[in-house]
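Here is a friendly tour for anyone meeting this structure for the first time. Take a look at the picture, then read on.

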Amino acid sequence: MGGEVPEPRKMSLALSFGCGGVPEEALHLVFGYVDDPRDREAASLVCRRWHRIDALSRKHVTVGFCYAAEPARLLARFPRLESLALKGKPRASMYGLIPDDWGAYAAPWLAQLAAPLQCLKAVHLRRMTVTDEDVGVLVRARGHMLQVLKLDKCSDFSTDALRLVARSCRSLRTLFLEECAVTDKGSEWLHELAVNNSVLVTLNFYMTDLRVEPADLELLAKNCKSLISLKMSESDLSDLIGFFQASKSLQEFAGGAFSEVGECTKYEKVKFPPRLCLLGGLTFMGKDEMPFIFPYSAILKKLDLQYTLLTTEDHCQLIAKCPNLLVLEVRNVIGDRGLEVVAETCKKLRRLRIERGADEDPGQEEQGGVSQLGLTAVAVGCRELEYIAAYVSDITNGALESIGTFCKNIYDFRLVLLDKQNQITDLPLDNGVRALLRNCTKLRRFAIYLRPGGLSDVGLGYIGLYSGNIQYMLLGNVGESDSGLIQFAMGCTNLRKLELRSCCFSERALAVAVLQMPSLRYIWVQGYRASQTGQDLLLMARPYWNIEFAPPSPETANRMMADGQPCVDTYAQVLAYYSLAGRRPDCPQWLVTLHPA
Amino acid sequence: MASSAPVELDFLGLRPAAAAADHHGGGNGTTTTTTTSSSSSSSSIRGMKTSAIASIGARQLRRVIAGEDSTAPAPAPSKQAPMTLFYNGAVATFDAAEAIMKMAMEVTTSNGGRVVRGNAFADMPLTRTKSLQQFLQKRKERLSGSGPYQLGLGGGTSRVGGGAGTKSFRVKEEAV
């Protein structure tokens, strides 16, 4: 190798191998600017030195699935971690499809990490089972410096844990309990929070049934001047008048309810704080109460009307006044007409969610239901959209093509075709799906839930072929045969997480398909050609790949019932995922781990 | 277009006699690394019995099937004749997937499990999120005059039912 200038070679060697080259401190500084976990992952693989520097300087880790890793391993690699997020139960638990005793216990994580992670100040647990004792472990170890505690769709703890947090965590900026199943033993926790904390910025107990005293909310507002977000349970809005007067910095409010029908004079005195621009909840708000939003509508950036009683016409009237909306969440009562108003008015809209209203409804939602008309209007009118989730009653390929043509910034698209209407205008959706996937190049998350005939095997193959950088998919009622699934799988190079529901595929095809997807690390399936034993799933057996199977049977159905709740699931489920932690040690009795003999 | 006769693949093992005649059934322990061999095989990874497909690995498989040394995920234009598949009344034509499915067929499984669920999942309902379900249920109660949202109730704070100590979040039955 003659002829090369020696100095540059020596320099690059020095940089690579740290032989008196770049000082450690400089590398640390540079790493401090690298936040994205994918970049960090890449950097940590360069050499041992970079691996070590990343390990010591990584501030946040998200463990995407709690059974994929072990706490001890996390501790060994990232001893100076400041922020940890852990996810547990499958997404399907939000739809009532995962029994309460499935698992996802926070206990081992908190027991092994809370004390040794001496820099830990932010904890986020999502869809996990958390007990009062677990919270106690965390608070005793880290309470003095805990700034963020998010228990997100968690269950099994009570307000006793909240009292402990309120008393001990005086540095808490964020207390997030959204949609948790909390046993309510009294409202003292809020009083103690108001008395002990003066730096709280965000308080969220939205979509819980926790009862609180208005006086405690007012006290909180007075003591925490920095409070900018309150999302809460359904206290009557007339009880919150004092709170709104006291919390002058508030920008976000969600929750509350209009509990009294026809008592609108009571609500006339409700006035939001002047900077309020993110608004939601307002359960049972009707046409008569709607006007009290009007003074704020011009500055509103986020509006959630999913729990209101507004008609299509009401939606049209209100949204026409909100030109600055970035986020809109509604039920499908908004109708195509409402979506046309959105398209005309909300030019800055980034996120749109259209949820499924009641299937039958006396009078309320007669004009409701969203179709290709509304979707196309929104695609053409709201070019900044990044997230669309819609339950539609009717659909065409053209509507999907329009989204592909006009909404270039979409990174998350979810479409569910409701099952009430017998005739759909334009099926299968093969060409529309292809156009959308080809043109929305930023797509990372994709969900489509149809009906038999909604997407052919060719269309399913298109999804694979044009999957691009999509990392998560939910597919329901797609394809016609195993061939479609295999074609799909052969195209998905970057797919990491897959959920399948109500499809016609055999166990064998599922196993073979999994093996075609090189990036796949997690798959959940319900509704397929299940056998009693899950035998053919073993075709995908391989090292580090856990396969868990919940067999179909009436006995299973009975076990899944708890507290007299009607069972919603008698179907087999499969969950398979890569894990460095070996097989689950804490499976419930009805869950079978499949492995070769 | 194919000049050969359509080939029928029996995915569910419904025709074991035909399968025995067509394939080399029940091979023991021979390891294969290509799809050209049609003998069924199982192999071991660290003592774990795995299927031939699993031991090959996705990338290798794709290379073999695409028929060239490329990592392109899309099914390459195949030199094999397109194959028409008759499957449960539906017809599909495909190229590169054929070899994979043929291998899936050839791996011996005792297949003791019968198929339990039928074809159509028309009886698998779309489920709602728990939050929306709860809301629709409350609304129903309110409109029908039952539950805590009756007209004319006096003042107070949160009106959701359930006393102290009860589990605060319940999944109600599917609203309508």
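What radius of gyration does chain A have, next to that of a compact globule with 597 residues? This is a predicted model, and in it chain A comes out at 26 Å. A compact globule of 597 residues would be near 25 Å, so the value for chain A agrees. Along the principal axes, the C-alpha atoms of chain A fill a box of roughly 85 × 60 × 60 Å.

**The two chains side by side**

Here is how some basic values look for each chain.

| Chain | Helices and strands | Buried residues | Accessible surface | Carbon and sulfur share of surface |
|---|---|---|---|---|
| A | 22 helices, 23 strands | 60% of 597 residues | about 22600 Å² | 53% |
| B | 5 helices, 4 strands | 35% of 176 residues | about 9300 Å² | 54% |

If you walk along chain B from its N terminus, you meet its elements in the order α-β-β-α-α-β-β-α-α. Now consider contacts between residues at least 6 apart in sequence: in chain B, 48% of them join residues at least 24 apart. For chain A, residues 24 or more positions apart account for 71% of the contacts with a separation of 6 or more.

Chain A also carries 68 positive and 69 negative charges, and the mean positions of these two sets are 8 Å apart.

**Inside the core**

Let's go indoors. The largest nonpolar core has 184 residues, and the members that touch the most others are A:Phe253, A:Phe446, A:Ile463 and A:Phe488. The element giving the most to this core is H21(A), with 7 residues. There is also a second, separate core of 10 residues, which includes A:Tyr206, A:Phe284, A:Tyr307 and, from chain B, B:Leu132.

Who are the neighbours of A:Phe253? Leaving out residues up to four places away in sequence, A:Phe253 touches a crowd that includes A:Leu230, A:Met232, A:Phe244, A:Phe272 and A:Gly280. Several leucines are on that list too, among them A:Leu237, A:Leu276 and A:Leu282.

**Two enclosed helices**

Why does helix H21 of chain A count as largely enclosed by the rest of the structure? The helix covers residues 507-516, and 10 of its 10 residues are buried, so the rest of the structure largely encloses it. The buried residues include charged-letter names such as A:Glu507 and A:Arg508 as well as A:Leu510, A:Val512 and A:Leu515.

Helix H14 of chain A (residues 312-319) is another one to look for: 6 of its 8 residues are buried, so this helix is largely enclosed as well. Those buried residues are A:Thr312, A:Asp314, A:His315, A:Cys316, A:Leu318 and A:Ile319. What lies over them? The cover includes helix H13 (294-297), strand S12 (302-304), strand S13 (327-331) and helix H15 (335-345), which belong to chain A.

**A stop at A:Lys497**

Is A:Lys497 buried, partly exposed or exposed? Its relative accessibility is 23%, so A:Lys497 counts as partly exposed. You'll find A:Lys497 in strand S19 of chain A, which spans residues 497-501. Not counting residues up to four places away in sequence, A:Lys497 touches A:Arg91, A:Gln471, A:Tyr472, A:Met473, A:Leu520 and A:Tyr522. As for A:Leu474, it sits 23 residues from A:Lys497 along the chain, and the two C-alpha atoms are separated by 8.6 Å.

Key: Residues numbered from 1 in each chain as written. Chains lettered and ligands numbered in written order. Predicted model: local features only at pLDDT ≥ 70, side-chain atom pairs only at ≥ 80, totals over all residues. Heavy atoms only, no water. Helix = DSSP H or I, 4+ residues; strand = E, 2+ residues; numbered from the N terminus. Rg over C-alpha atoms; globule rule 2.2 N^0.38 Å. Buried < 20%, exposed > 50% of the residue type's maximum accessible area, 1.4 Å probe, protein only. Contact = heavy atoms within 4.5 Å. Areas by Shrake-Rupley, 256 points an atom, 1.4 Å probe, with all protein chains shown as cover. Lys, Arg positive; Asp, Glu negative; His and termini not counted. Charge placed at Lys NZ, Arg CZ, Asp CG, Glu CD. Core = buried A, V, L, I, M, F, W, Y, C linked by side-chain atoms within 4.5 Å.
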